[in-house]
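Dear colleague,

I am handing over the structure we spoke about, with the sequence alongside. Please look through it first; my notes follow underneath.

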Amino acid sequence: MSLGACNVSADPLRGLCPSGLLPPKLPSSASRRTLLFTRSAPSSASLEVERENRVEDVQSGSVTLADRLRLGSLAEDGLSFKEKFIVRCYEVGINKTATVETIANLMQEVACNHAQNVGFSTDGFATTTTMRKLRLIWVTSRMHIEVYKYPAWGDVVEIETWCQSEGRIGTRRDWILKDFATGEVIGRATSKWVMMNQDTRKLQRVSDDVRDEYLIFCPRSPRLSFPEENNKSLKKIPKLEDPAQYSRLGLVPRRADLDMNQHVNNVTYIGWVLESMPQDIIDTHELQTITLDYRRECQHDDLVDSLTSPETGVEGVPELHGINGSVTAMSSDEDLCQFLHFLRLSGGGLEINRGRTGWRRKSAR
């Protein structure tokens with residue numbers, strides 16, 4: 001999901017990206033009115049009331065058929081959302097494993113379902129009541145995904161997601177992906193979001209009113225899918241300058257790439273970044289990490305150039321000492337190779353996106 005045109009200026013926070021992986025929304029249904037807009041943790045009594053109201057919603061018909069059938073629900077404390085997905089045949093690539101675009105789409109889906117489940121509006125992409133009154137929206141500024149093991153066709157993946165405050169200018173959403181059959185952590189992701197005025201396209205600080213509206217659904221103490229120190233999700237991405245070693249020029253957004261706001265969905269940007277990867281790396285390696293900084297959105301009539309070059313002088317990737325579950329060991333990264341990426345508008349050269357990917361050698365099957 002994406003935004004309207006964003007002008008990049010001297011303000012480093014201007015011109016950020018299309019929304020798609022959503023921060024939480026404000027309660028709007030009758031079942032959410034029992035929760036107080038407070039930063040304190042919900043009591044067991046209030047959670048019990050919430051559960052009773054959910055049953056009442058089902059009986060009254062205010063809970064949709066999709067709500068009753070999807071394999072997802074809020075955690076017992078109400079501060080995160082888990083959902084299970086079966087990997088379909090059309091979601092895998094030539095190796096019969098899910099593509100990174102599939103992973104990103106599932107993350108987007110569970111984030112949207114989380115927002116809906118806590119009672120937020122479906123027409124504002126996780127906007128709160130105050131945000132809708134002021135015509136404010138959330139936009140993604142950074143996305144970082146790590147995949148330790150790709151699920152295969154027919155595997156069941158369980159994804160947990162939650163949101164929390166990110167300073168005074170935005171929010172953060174995290175994900176943990178597990179193989180449901182074994183409980184193994186197979187991936188993690190994190191994202192950062194800022195608030196933008198839908199009409200002026202200018203960024204705006206998160207007010208206390210907005211913060212209070214969504215904080216009731218956030219962990220009371222920081223919970224991070226990645227440790228904050230020595231992790232690749234925080235590493236700055238330098239701008240890739242011409243001439244790039246590899247390129248694909250004149251990429252055209254398809255109609256199927258547009259979201260309900262008539263802007264290019266942010267998962268499409270992942271595909272465009274990978275379009276300029278050298279074929280010999282695609283044949284021998286698989287994507288382990290991808291980080292994208294969103295600078296400007298793309299609309300349906302734009303042409304896009306995808307540029308890629310190897311990142312030189314990169315130190316070995318350290319082993320992750322994970323939290324919220326054990327991480328597949330990644331200490332042997334001698335074969336990991338990294339690339340820098342740059343998406344720009346054809347002709348004018350305006351920057352849309354810059355990225356970094358890390359690739360591990362494919363294991364023998």
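Which residue in β6 does arginine 173 stand opposite? In this model, which is predicted, the partner of arginine 173 is serine 191. The two strands concerned, β5 and β6 (residues 185-197), run antiparallel and are joined by 9 bridges. They form a hairpin with 5 residues between the strands, and glycine 183 there takes a positive phi near 80°.

On its other pairing, β5 meets strand β4 (residues 156-166), again in the antiparallel sense, over 10 bridges; within this pair, isoleucine 159 stands opposite leucine 177 of β5. β4 and β5 also make a hairpin, with 3 residues between them, and in its turn glycine 167 has a positive phi of about 70°. Strand β5 itself, which spans residues 170-179, is mostly covered, since 9 of its 10 residues are buried.

The other feature to report is the largest pocket, whose volume is about 810 Å³. Its lining comprises 34 residues, and those that lie nearest the centre are Gly93, Thr99, Val100, Glu101 and Leu274. By residue class, the lining divides into 14 nonpolar, 11 polar and 9 charged residues. At least two lining residues are supplied by each of α3 (100-117), α6 (266-275), α7 (279-284) and β9 (285-294), and the largest share, 5 residues, comes from α6.

With best regards

Definitions and conventions
Residues numbered from 1 in each chain as written. Predicted model: local features only at pLDDT ≥ 70, side-chain atom pairs only at ≥ 80, totals over all residues. Heavy atoms only, no water. 1 Å grid on protein atoms, 1.4 Å probe; cavity = no way out; pocket = protein on both sides within 12 Å on 5 of 7 lines; lining within 4 Å. Points joined across faces, edges and corners; volume = space filled by probe spheres on them. Helix = DSSP H or I, 4+ residues; strand = E, 2+ residues; numbered from the N terminus. Nonpolar A, V, L, I, M, F, W, Y, C, P; charged D, E, K, R; others polar. Buried < 20%, exposed > 50% of the residue type's maximum accessible area, 1.4 Å probe, protein only. Pairing = 2+ DSSP bridges.
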